[in-house]
Amino acid sequence: MDGDMLLAVRDLTVALPVGGRLVPIVESVSFTLGTREILGIVGESGSGKSVTSLAIMGLIDVPGARITGSVRFRGRELVGLPPRAYRALRGREIAMIFQDPMTAFTPVYTVGRQIDEQIRAHQKISRADARARTVRLLGDMGVPDPERVAGRYPHQLSGGLRQRAMIAMALSCNPALLIADEPTTALDVTVQAQILDLLRVLRRDYGSSVLLITHDMGVVAETCDRTLVLYSGLVAERGPTGALFAQPAHPYTAALLDSIPPLHGLRPARLPSIPGSPPAPAERPAGCPFGPRCTHVHAACATRPPLVACGEQHVACVLPTEGHPLPPRRVPEMSA
Amino acid sequence: MALTVLRRLGQTLFVLVGISVLVFLVFFATPGADPTARIAGRNASPETMARVRVEYGFDRPLPVQYARMMEKLFVTRDLTSYVNRGQKVVPEILEAAPVTLSLVSGAAAIWVVLSVAMGVTAAALRGGWVDRGLMMLGLVGISIPVFWLGQVVNLVTQSRYHDSWLFSWVPGLGYVPLTEDPLGWFRALVLPWLTLAVLFVGIYSRVLRADLVAVQSEDFMRTARAKGLSPARVLLVHGLRTSMITFVSLFGLDFAQLVGGGALLTEVVFGLQGVGRLTYQALSNLDLPLIMATVMYSAVFVVIANAVVDMLYLILDPRVRDGR
């Protein structure tokens with residue numbers, strides 16, 4: 001069933017040593033990503049979204065970290081892949097863009113040189129050819145005067161330009177999968193919209209699939225085909241973005257959606273927020289991790305709920321099986 | 001860029017003038033000390049006193065005295081020592097400078113190469129026994145007093161085992177000018193170089209390792225790894241290159257203070273007539289002209305080295321280039 005899938009993650013668990021014992025930061029996360037699909041991974045900070053993406057990239061190098069489960073990329077198992085083979089994959093077939101473009105470039109080299117470096121790390125081409133490709137890529141990303149920008153140092157560029165250069169670098173080897181870790185968080189709202197447009201265009205022009213990691217439900221609604229909601233390192237809910245926004249099945253998803261300010265109509269004086277904060281991975285309760293903050297919590301939540309189908313989604317909540325699914329949301333206009 | 005360099009040179013000149021004024025005031029304008037009597041010597045006749053007073057301008061206001069002193073230091077260069085009458089101070093320093101410069105440059109080359117090799121190796125194999133061993137070695141190097149190490153080296157190579165095949169090539173203590181006999185120069189200096197370098201290898205390798213480890217957690221290092229670069233390339237091209245900025249500033253200051261006379265102990269132990277030893281002699285005899293001259297010389301080096309470090313910054317760090 002995962003045959004035509006580009007990426008199939010199953011029961012991915014990442015445990016890092018904290019204070020002398022292994023603590024599972026991400027637990028049994030499963031999802032799939034099809035070709036040319038954009039999947040959004042949403043969650044609060046600390047929910048394990050970045051750790052999930054770094055695990056897929058093979059970039060978790062904490063001594064003593066344990067990664068179990070399965071990550072199949074084009075049918076190839078990535079968990080336990082030898083470093084040399086991983087390196088050939090990174091940057092070439094799976095590329096990543098990071099949250100803060102200010103610090104993600106090495107400050108002492110020009111942007112162009114850093115893009116050339118990635119091209120030349122994976123292909124045997126001359127310096128001049130690599131630079132020509134760099135300039136073309138920067139142009140494709142909507143960078144004005146790409147030749148000049150390629151010769152500039154990171155600190156000389158604006159945040160938006162830097163992020164475009166970052167995306168150009170990620171796309172320089174035509175990766176099949178692009179992992180974007182909060183690509184718009186550090187940017188102005190107007191630039192954010194441009195970068196999101198760019199990500200959508202990529203899928204059309206470059207045929208890349210995108211794993212978009214964000215904490216911003218608005219970004220998800222605008223960009224993603226499907227959505228995965230993580231809470232405290234566990235999957236809370238996953239499904240097609242439209243369905244998930246129209247009728248969230250997990251109380252956490254519903255609460256997240258309620259905390260978005262409405263675009264039209266009367267604005268509430270105070271947006272609803274979720275009381276409390278997510279548990280630290282080491283103190284995760286044995287039952288539903290969202291239980292302590294959930295308005296629907298009851299006795300059945302003391303055992304961890306399995307992921308069950310509910311409408312078009314899968315949800316880790318007991319409410320649907322008990323016959324009391326959450327009602328549809330009143331404001332469906334967010335699902336673009 | 002050119003403007004930056006010019007401005008920096010102007011600042012350098014300004015600082016040098018400031019230091020010379022300060023040193024002059026401290027040594028010659030201290031109340032209660034009459035420099036005329038000291039220069040003229042004990043039991044000097046009133047005529048001699050009068051001549052000295054006129055020659056150095058001690059009967060004129062301070063600014064004139066200062067100008068006279070600077071003229072004697074830099075233009076006519078005939079400032080003479082209080083202690084060895086007739087011994088001119090400036091040629092003495094010019095004679096000692098190449099010795100110190102040879103000693104310090106050689107040691108610097110050794111300590112830069114060794115500490116970069118050790119620091120990078122330790123950072124690459126972080127947490128392993130190689131890392132721990134190298135850093136322990138660095139700590140030992142820092143803890144060994146240079147005069148003790150020098151004496152031990154002398155004891156082993158000059159007397160105890162001098163006749164064995166291993167150390168029979170070691171010449172007697174002292175300096176051989178490079179222009180006269182390059183091989184002799186090298187042979188005379190190689191042990192002092194190593195001795196002087198040990199401390200700095202220790203410091204620099206530890207600093208560099210710490211810096212490289214800190215850089216590892218930077219976002220751009222993660223980006224470099226995400227690009228699929230080899231670990232060696234990530235560490236050297238992205239990590240070491242960035243760490244070099246700290247390394248260079250540290251190096252500039254240490255190098256300058258050593259050239260300015262900080263290598264005193266090594267010079268004394270190995271019988272090298274360098275600037276450090278000269279300064280020491282001047283201080284123990286309270287030879288004011290010589291002190292004045294050596295302090296100026298050392299200040300010149302520290303300030304010039306600082307200017308050079310700043311120039312290197314401009315080359316190494318593009319952010320600094322735009323910042324000014």
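**Notebook: chain A overview, then two residues**

I began with the secondary structure of chain A and got 11 helices and 12 strands. Note to self: this is a predicted model.

**Overall form of chain A**

I checked the radius of gyration next. Chain A comes out at 21 Å, and a compact globule of 336 residues would be near 20 Å, so the two agree. I also took the extent of the C-alpha trace along the principal axes, which is about 65 × 50 × 40 Å for chain A.

How much of chain A is buried? I get 54% of its 336 residues. For contacts in chain A with a separation of 6 or more, I find that 66% join residues 24 or more positions apart.

**Surface and charge**

I put the exposed area of chain A at about 14600 Å², with 54% of it supplied by carbon and sulfur atoms. Counting charged side chains in chain A, I have 35 positive and 30 negative. The centres of these two sets lie 6 Å apart.

**The annotated span**

I looked up what UniProt has for chain A. An unreviewed entry there carries the annotation "domain: ABC transporter" for residues 7-257. In the model, I see that this span is 41% helix and 27% strand. Its end C-alpha atoms are 27 Å apart.

**Phe31(A)**

Where does Phe31(A) sit? I find it in strand β2 of chain A, residues 21-34. Its relative accessible area is 3%, and the cut-off for buried is under 20%, so I log Phe31(A) as buried.

Which residues does Phe31(A) touch, beyond those up to four places away in sequence? My list has Leu7(A), Ala8(A), Val9(A), Leu39(A), Ile41(A), Thr52(A), Ile56(A), Leu211(A), Leu228(A) and Arg238(A). I picked out Leu7(A) from these for a distance check: Leu7(A) is 24 residues from Phe31(A) along the chain, and their C-alpha atoms are separated by 8.3 Å.

**Asp287(B)**

Over to chain B. Asp287(B) lies in the loop between α12 (275-285) and α13 (288-316).

Is Asp287(B) buried or exposed? I have its relative accessibility at 3%, so Asp287(B) counts as buried. Setting aside neighbours within four places in sequence, I find Asp287(B) in contact with Ser81(B), Tyr82(B), Val83(B) and Ala282(B).

**Wrap-up**

My two residues for the day were Phe31(A), in a strand, and Asp287(B), in a loop. I have Phe31(A) down as buried, and Asp287(B) is down as buried too.

Definitions and conventions
Residues are numbered from 1 along each chain as its sequence is written. Chains are lettered from A and ligands numbered from 1 in the order in which they are written. This is a predicted model: local features need pLDDT of at least 70, side-chain atom pairs count only at pLDDT 80 or more; totals for chains, interfaces and linings use all residues. Side-chain values use heavy atoms; hydrogens and water are left out. Helices (H or I, at least four residues) and strands (E, at least two) are DSSP runs, numbered from the N terminus. The radius of gyration is taken over C-alpha atoms; the globule rule is 2.2 Å times the number of residues to the power 0.38. Buried means under 20% relative accessible area, exposed over 50%, partly exposed in between (1.4 Å probe, protein chains only). Contact means heavy atoms within 4.5 Å. Accessible areas come from the Shrake-Rupley method with a 1.4 Å probe; for residues, only the protein chains shown count as cover. Lys and Arg count as positive and Asp and Glu as negative; His and the chain ends are not counted. The place of a charge is taken as NZ of Lys, CZ of Arg, CG of Asp or CD of Glu. UniProt positions are given in the numbering used here, feature names are shortened, and annotations may be inferred rather than shown by experiment.
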